[in-house]
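Open the model in a viewer and keep the selection tool at hand. The tour below goes from stop to stop, saying what to select and what is found there.

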Amino acid sequence: MQSTAFDQDGSKPMNVTFITVNYKTLDFIRRCVTSLLSNYPSVPVLIIDNGSFDESTEYIQEVANQIENVNCILNKKNHHHGPALDQGIRTCATPYIFTLDSDCEILKPGFLEAMLTKAAKAKRIPYQRHAAPTATPTDANPIQLTRAG
């Protein structure tokens, strides 16, 4: 039985987006994103920069401009971690979302496939998106969504 959480041949996860929030954590975010892309190179990644305005912001913009499946939101101020994650979740169009703190790394693949298989078989999922909502800024500053390409 083919799960909708995987591609046609059932080998690559799809319909999931990785979301991570950055606030002045250049070394952490670099390791986090590198580990995501080395283990899951085709899975979409959304990085929310929470008003850092430092080298980490420059790195995030560079990665989003160079890698097709990496996008970023650049907040003009720090909205704090939880609201920034919520902002990212509301921006994603995929039905499944995996949040990862910037100081975390993925050491080996396999966990995402297991989670998506379990979610696809579940009769009830605590939260699953059915339609992509419109991103709404949390203050008067507009959201700047950068898409590669």
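The stops run from the whole chain to its cores, then to single residues and charged pairs.

**Whole chain**

Begin with everything selected, and keep in mind that this is a predicted model. Colour by secondary structure: the chain has 4 helices and 5 strands, and along the sequence they follow the pattern β-α-β-α-β-α-β-α-β. Switch on the surface next. Its accessible area is about 8,500 Å², with 53% of that belonging to carbon and sulfur atoms. Of the 149 residues in the chain, 43% are buried. If you draw a contact map and keep the contacts with a separation of 6 or more, 79% of them join residues 24 or more positions apart.

**The cores**

Hide the surface. The largest nonpolar core has 25 residues, and Phe18 and Ile47 have the most contacts inside it. To see where this core comes from, select the elements that give it two or more residues: S1, H1, strand S2 (45-50), helix H2 (55-66), strand S3 (70-75), S4 and H4. H1 provides the largest share, 5 residues.

Now centre on phenylalanine 18 and show its surroundings. Leaving out residues up to four places away in sequence, phenylalanine 18 touches Leu36, Tyr40, Val43, Pro44, Val45, Leu46, Phe98, Ile106, Phe111 and Leu112. Apart from the largest core lies another, of 8 residues, which includes Ile48, Ile73, Leu85 and Cys92.

**Two threonines in S1**

Select strand S1 (residues 16-22), where threonine 17 lies. Is threonine 17 buried or exposed? Threonine 17 counts as buried because its relative accessibility is 5%, and the limit for buried is under 20%. Show its side chain together with that of threonine 94: a polar contact of 2.8 Å joins the two. Threonine 94 is also among the residues that threonine 17 touches beyond four places in sequence, along with Pro44, Val45, Leu46, Cys92, Tyr96, Ile97 and Phe98. For a distance label, pick the C-alpha atoms of threonine 17 and isoleucine 89, which are 9.0 Å apart in space and 72 residues apart in sequence.

Stay in strand S1 and move to threonine 20. This residue is buried as well, at 1% relative accessibility. What does the side chain of threonine 20 reach at 2.6 Å? The partner is the backbone oxygen of leucine 100. Past its neighbours up to four places away, threonine 20 touches Ile29, Cys32, Leu46, Ile47, Ile48, Leu100, Asp101 and Ser102.

**Across to leucine 100**

Follow that polar contact to its other end. Leucine 100 sits in the loop between S4 and H4 and is buried, with a relative accessible area of 11%. Its contacts beyond four places in sequence are Ile19, Thr20, Val21, Cys32, Leu36 and Ile106. One of these, leucine 36, is 64 residues away in sequence, and the C-alpha atoms of leucine 100 and leucine 36 are 9.6 Å apart.

**Two salt bridges**

Next, show the charged side chains. The salt bridges number 2.

For one of them, select glutamate 105 and arginine 31, whose closest N and O atoms are 3.5 Å apart. This pair links distant parts of the chain, since glutamate 105 is in the loop between strand S4 (96-99) and helix H4 (111-121) while arginine 31 is in helix H1 (residues 26-39), 74 residues apart. Glutamate 105 is partly exposed, with a relative accessible area of 41%, and arginine 31 is partly exposed at 39%.

For the other, go to helix H3 (residues 81-91) and select arginine 90 and aspartate 86, 4 residues apart, about one turn of the helix. Their side chains meet at 2.8 Å, N to O. Arginine 90 is partly exposed at 43% relative accessibility, and aspartate 86 is partly exposed at 34%.

**Cysteines**

For the last stop, select the cysteines. How many disulfides are there? The count is 0. Cysteine 72 is buried, with a relative accessible area of 0%, and cysteine 92 is buried at 6%. Cysteine 92 has come up twice on the way: as a residue touched by threonine 17, and as a member of the core of 8 residues.

How values were computed. Residues are numbered from 1 along each chain as its sequence is written. This is a predicted model: local features need pLDDT of at least 70, side-chain atom pairs count only at pLDDT 80 or more; totals for chains, interfaces and linings use all residues. Side-chain values use heavy atoms; hydrogens and water are left out. Buried means under 20% relative accessible area, exposed over 50%, partly exposed in between (1.4 Å probe, protein chains only). Contact means heavy atoms within 4.5 Å. A polar contact is a pair of N or O atoms within 3.5 Å; within protein, one must be able to donate a hydrogen and the other to accept it, and residues adjacent in sequence count only if both atoms are side-chain atoms. A salt bridge is a side-chain nitrogen of Lys or Arg within 4 Å of a carboxyl oxygen of Asp or Glu. A nonpolar core is a set of buried Ala, Val, Leu, Ile, Met, Phe, Trp, Tyr and Cys residues joined through side-chain atoms within 4.5 Å. Accessible areas come from the Shrake-Rupley method with a 1.4 Å probe; for residues, only the protein chains shown count as cover. A disulfide is a pair of cysteine sulfur atoms within 2.5 Å.
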